[in-house]
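Colleague: Could you walk me through this one while I have it open?
Modeller: Gladly, here it is.

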Amino acid sequence: MRIVVNELHHTYPAGVEALRGISLVIEAGEQVAMVGQNGAGKTTLVKHFNGLLQPTQGSVHIGDWDTREHAVSQLAARVGYVFQNPDEQLFTKNVHDEVAFGPRNLGYSPERIERLVEDALALTELTDKKETNPYDLSSTWRKMVALASIISMDTPVVIFDEPTTGQDAANIARIANVVRVLRERGKTVITITHDIDFCAENFERIIALAQGRVLLDGPANDVLAEDELLATTYVDPPQLTRLGKRLGLPVTVRDEEQFLAAYREFIGTEK
Amino acid sequence: MKDKLTFYIERESSLHRVNPLTKLVMVFAFIILAFFGPGFWLPSLLVVLGIIPLSFLGRVQREYFRTAGRLLLPVVGFLFLMQSVFHPDVGDSRVLLQVWVLNVTVEGVRFAYLTASRIFVMVSAFILFLLTTHPSELMSDLTRRGLSGTFAYVITATLQIIPQMQAKASTIIDAQRSRGLDTDGSFRKRVGALLPLTGPLVFGSLVEVEERAIAIEARAFTSKLEKTSLREIPDTKLDKAARWFFLLLIVLAFGSKLWPS
């Protein structure tokens, strides 16, 4: 499902101009990471995708829907949004019901709901915990419950707001796996993150925002190469990218594999 | 883009610079004068000659009028109406007008006006106080003067809890609507939406209580030693004089009640 943002402006009631003219297109099935300093407008922008915020000027289209003409509860069928803090949504007695809440709201058939819930629980490795009360789980697992409760809604677009904040390495790997599986299923995944390594390793496209405008938008390697521009919105490229640049590698790299390949070639040509 | 957590408006003004305790004493002086002071018009005079000019002095007049208008006028208006209509008719009162079976008497209207203006003084003096005083500043000033930390914490927490809950509630509403919860449908749908909305709010608050307790104890909250403060809160000779003046007013207000007339 294609997302089209056209000259989007948003001013909060208090008078803060959070978005100052953003235009971009996210194609169906793209994996996009949004980076930028706090207050750059990342959350404000993605909250327009499911109608939680309405444009002050400009428009947002999700597929053939203009977000101004559809309620949040309708848009929820197209755009799933995982909030940063799982505690702000968990309320049921057990994990299974929590995960089934979204698809039930969307009015799916009971068989489909059961299938989607089982699938979401398997994907987030929660199957053995489905009878547990979410509040008896550790905060990392509660985060997975929040993820599962959106994945089970089977929306073409999934938004993650800072999925890796406060998570351990094992859980970050699980979240990365969720992103990978969603990509294979052809879902659009949009992630807001300050975790530049997570962003570099899992996303093909990066959008950097600064002061309510798009600073950079393009393939991950191209964006990460612009370290000086990124610094203006307080984003540091990953260590390996910076190391590669210092070593004078001819290409921008963003993970071990790319780094080693480029470095071997580099040494080879030196000799 | 967080919502504001207190009424406080950060602004440079002479009223902002006044020591918080002085302002607090002033608020109580206004309230006690309004309730116990002599004269039918005293509460109204306190508003017109005291609180409103002070809101200009504190450069918060716009916020003051807005808050007072939204918060107070409906309540005070309703109170005025009810009191004047249902004031007991003792027999010798002059009837102003008759509505259905109700007699609106001059005494009733006078009584209603007095009550309403007293309430107005009480609430609007506090609004002015909250607009120009940061709660943490008041509390650090009071603890410096020997108020127990526990008490200060209870007050600060109470002042902040409602706006904090509001901010939290609006995030919860957003999160659940994003999961397809219909919050503006039929009555049945709305009742069904109650648990998903209040559940996280209640659980979250319980979890928060424990976290807060740990956080403040990590900063030696219950330590018996005298604590130092990072923030210097000015307390001038003028502040002291003003406090004595307001205390005197309070005594006079009570005195006027006791004085055999």
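Modeller: What follows goes through a pocket, a helix, a sheet and a buried threonine.

Colleague: Before that, what should I keep in mind?

Modeller: This is a predicted model, in which local features need pLDDT of at least 70 and side-chain atom pairs count only at pLDDT 80 or more, while totals for chains, interfaces and linings use all residues. Residues are numbered from 1 along each chain as its sequence is written, chains are lettered from A and ligands numbered from 1 in the order in which they are written, and side-chain values use heavy atoms, with hydrogens and water left out.

Colleague: What volume does the second largest pocket have?

Modeller: The second largest pocket has about 1,300 Å³, where a pocket is an open set of points on a 1 Å grid over the protein atoms alone that fit a 1.4 Å probe, with protein on both sides within 12 Å along at least five of seven lines. Its lining (residues with an atom within 4 Å of a point) has 34 residues, and the closest to the centre are B:Ser140, B:Thr143, B:Gly149, B:Phe221 and B:Lys227.

Colleague: And which helix gives the largest share of that lining?

Modeller: That is α7(B), with seven residues; helices here are DSSP runs of H or I with at least four residues, and strands are runs of E with at least two.

Colleague: Switching to α2 of chain B, how far apart are its end C-alpha atoms?

Modeller: They are 24 Å apart, which agrees with the 24 Å expected for the 17 residues, 20–36, at 1.5 Å a residue, counted as 1.5 Å times one less than the number of residues. Since 14 of the 17 residues are buried, α2(B) is largely enclosed by the rest of the structure; buried means under 20% relative accessible area with a 1.4 Å probe, protein chains only.

Colleague: What caps its N-terminal end?

Modeller: B:Asn19 does, with a side-chain oxygen 2.8 Å from the backbone nitrogen of B:Leu21.

Colleague: Over in chain A, what is the strand order of the open sheet?

Modeller: The order is β2-β1-β4-β5, with antiparallel pairing, and strands pair if DSSP finds at least two bridges between them. The edge strands are β2 (17–26) and β5 (65–66).

Colleague: Last one, is A:Thr155 buried or exposed?

Modeller: A:Thr155 counts as buried because its relative accessibility is 1%. Its side chain reaches the backbone nitrogen of A:Gly80 at 3.3 Å and the backbone oxygen of A:Val157 at 2.8 Å.

Definitions and conventions
Points joined across faces, edges and corners; volume = space filled by probe spheres on them. Buried < 20%, exposed > 50% of the residue type's maximum accessible area, 1.4 Å probe, protein only. Polar contact = N/O pair within 3.5 Å; in protein donor to acceptor, adjacent residues only side chain to side chain.
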